[in-house]
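Trainee: Could we go through this model together? I would like to start with the surface and then move inward.

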Amino acid sequence: MLERGATVVPFVPAVQDDASLVHALLHGDPGAPSTLFDRYGSHVQKVLARMLGYGEPERADLLHDVFVRALERIGHLKNPSALKSWLTGMTVFTAQEWIRRRRRAGPPHAPEDAEELEGAPLTPEAMEAVRSFYDAMGRFKADERSAFILRFVEGMNLNEVA
């Protein structure tokens with residue numbers, strides 16, 4: 001029995017794997033959305049950066065859009081253990097929509113600052129190679145760019161890309 005004035009702390013199940021995270025999201029666990037972002041925010045940011053270019057100023061807005069859509073549509077996820085793949089697909093579709101909406105689609109922006117890339121600082125030659133890569137990506141259609149980035153930059157297998 002609780003004493004008068006005692007604070008009741010709600011039980012929040014431990015979210016260890018993706019299936020339990022999806023369960024928590026579906027059942028309105030108040031901490032589940034932040035857990036989703038903590039777990040996959042950097043992954044979504046990387047996919048967006050690689051598809052749109054590291055210097056694209058709208059990346060933060062698109063990151064937000066991906067997670068809003070994911071939270072709205074989490075009930076449509078058929079296999080909870082495939083959360084990362086499902087979220088990657090949602091990221092790709094969000095980026096593709098943005099690419100298609102852009103009126104004057106120039107090439108994606110190569111990073112001006114080598115610190116935006118993972119790993120060691122880049123030499124001037126390496127930065128030129130990165131710029132050339134993003135110039136080439138700018139000539140791809142949105143779906144071709146997506147497939148190329150997911151397969152050869154993210155290292156996903158063909159089934160995952162499909």
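Trainee: How much area does the protein chain expose, and what share of it do carbon and sulfur atoms supply?
Mentor: The model is a predicted one. Its protein chain exposes about 10200 Å², and 54% of that comes from carbon and sulfur atoms.

Trainee: And what percentage of the residues is buried?
Mentor: Of the 162 residues in the protein chain, 36% are buried.

Trainee: Changing topic, how many helices and strands are there?
Mentor: The protein chain has seven helices and zero strands. Read from the N terminus, the order is therefore simply α-α-α-α-α-α-α.

Trainee: Which residues touch the most other members of the largest nonpolar core?
Mentor: Those are Leu36, Leu83 and Leu87, in a core of 32 residues. At least two residues of this core come from each of helix H1 (18-26), helix H2 (32-52), helix H3 (59-73), helix H4 (83-101) and helix H6 (142-153).

Trainee: What does Leu83 touch, leaving out residues up to four places away in sequence?
Mentor: Leu83 touches Asp18, Leu21, Val22, Leu36, Tyr40, Ile74 and Leu77.

Trainee: What about Thr88: buried or exposed?
Mentor: Thr88, which is found in helix H4, counts as buried because its relative accessibility is 3%, and the cut-off for buried is under 20%. Beyond its neighbours within four places in sequence, Thr88 is in contact with His43, Leu150 and Met156.

Trainee: Last one: among contacts with a separation of 6 or more, what share is between residues 24 or more positions apart?
Mentor: Such pairs account for 59% of those contacts in the protein chain.

Technical notes
Residues numbered from 1 in each chain as written. Predicted model: local features only at pLDDT ≥ 70, side-chain atom pairs only at ≥ 80, totals over all residues. Heavy atoms only, no water. Helix = DSSP H or I, 4+ residues; strand = E, 2+ residues; numbered from the N terminus. Buried < 20%, exposed > 50% of the residue type's maximum accessible area, 1.4 Å probe, protein only. Contact = heavy atoms within 4.5 Å. Areas by Shrake-Rupley, 256 points an atom, 1.4 Å probe, with all protein chains shown as cover. Core = buried A, V, L, I, M, F, W, Y, C linked by side-chain atoms within 4.5 Å.
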